[in-house]
Amino acid sequence: MIDIQSTRTELVEKLERLRERAIEIENALRAPKSADSEERALELDDTQTEAAIGLITDAEMRDIRLAIDRIDSGIYSTCSTCGKAIAEERLTAIPWTNKCAKCAELGSTA
């Protein structure tokens, strides 16, 4: 049986690590750029990569916040689409999921 409070603690810790990473990305994106054209091209490539990672980080943080809210509301293991139980194996593998495997497979994301 899944330990909901332990899962909540893990999610809160993961959220904090992601917040720290988001701050690092934001700082990197705001850093002054080089005047050298070759170096600027490399920095532009790095900036685009960091921005993409930032978007992924933001989405993961949103999903984790929602999972924490679902735990606090007592609906953590209920699929938000069909209302059926989410398998413990799925919650263990993807603790921030809000959909059962069937609904996720039908086109929704974890």
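Colleague: Which residues of α1 are buried?

Modeller: The buried residues in α1 are Thr7, Leu11, Leu15, Leu18 and Ile25. Please keep in mind throughout that this is a predicted model. As a general idea, an α-helix has 3.6 residues a turn, so residues three or four places apart point the same way.

Colleague: Where does α1 sit in the overall layout, and how many helices and strands does the chain have?

Modeller: The chain has 4 helices and 0 strands, and from the N terminus on its elements run α-α-α-α. Helix α1 covers residues 4-30; with 27 residues, α1 reaches 39 Å from its first C-alpha to its last, which is close to the 39 Å expected at 1.5 Å a residue.

Colleague: What caps the N-terminal end of α1?

Modeller: Aspartate 3 is the cap, with a side-chain oxygen lying 3.3 Å from the backbone nitrogen of glutamine 5.

Colleague: Let us take one residue of α1, threonine 7: is threonine 7 buried or exposed, and what does threonine 7 touch?

Modeller: The cut-off to apply here is that buried means under 20% relative accessible area. Threonine 7, which is placed in helix α1, has a relative accessible area of 9% and is therefore buried. If residues up to four places away in sequence are not counted, threonine 7 touches Ile2, Ile71, Tyr76 and Pro95.

Colleague: How should I read the charged side chains, and how many salt bridges does the structure hold?

Modeller: The general idea is that side chains of opposite charge can pair when their charged atoms come close. This structure holds 6 salt bridges, and one of them joins glutamate 60 to lysine 14, with the closest N and O atoms 3.2 Å apart. Because glutamate 60 lies in helix α2 (residues 37-73) and lysine 14 in helix α1, the pair ties together parts that are 46 residues apart in sequence. Lysine 14 itself is partly exposed, at a relative accessible area of 23%.

Colleague: Which salt bridge partner does arginine 19 have, and where do the two residues lie?

Modeller: The side chain of arginine 19 meets that of glutamate 16 in a salt bridge, at 3.3 Å from N to O. Both residues lie in helix α1, 3 residues apart, which is about one turn of the helix. Arginine 19 counts as partly exposed at 36% relative accessibility, and glutamate 16 is likewise partly exposed, at 35%.

Colleague: What does arginine 62 pair with?

Modeller: Arginine 62 and aspartate 63 meet through their side chains in a salt bridge, with 3.1 Å from N to O. Arginine 62 is partly exposed, with a relative accessible area of 44%, and aspartate 63 is also partly exposed, with a value of 22%.

Colleague: Returning to α1, what is the separation between the C-alpha atoms of glutamate 24 and glutamate 50?

Modeller: Those C-alpha atoms are separated by 9.7 Å, although the two residues are 26 apart along the chain. Glutamate 24 is found in helix α1 and counts as partly exposed, at 47% relative accessibility.

Colleague: Finally, what do the totals say about the chain as a whole, beginning with how many of its residues count as buried?

Modeller: Of the 110 residues in the chain, 26% count as buried. The accessible surface of the chain comes to about 7400 Å², with 53% of that area belonging to carbon and sulfur atoms. Among the contacts in the chain with a separation of 6 or more, 47% are accounted for by residues 24 or more positions apart.

Terms used:
Residues are numbered from 1 along each chain as its sequence is written. This is a predicted model: local features need pLDDT of at least 70, side-chain atom pairs count only at pLDDT 80 or more; totals for chains, interfaces and linings use all residues. Side-chain values use heavy atoms; hydrogens and water are left out. Buried means under 20% relative accessible area, exposed over 50%, partly exposed in between (1.4 Å probe, protein chains only). Contact means heavy atoms within 4.5 Å. Accessible areas come from the Shrake-Rupley method with a 1.4 Å probe; for residues, only the protein chains shown count as cover. A salt bridge is a side-chain nitrogen of Lys or Arg within 4 Å of a carboxyl oxygen of Asp or Glu. The expected span of a helix is 1.5 Å times one less than its number of residues. A polar contact is a pair of N or O atoms within 3.5 Å; within protein, one must be able to donate a hydrogen and the other to accept it, and residues adjacent in sequence count only if both atoms are side-chain atoms.
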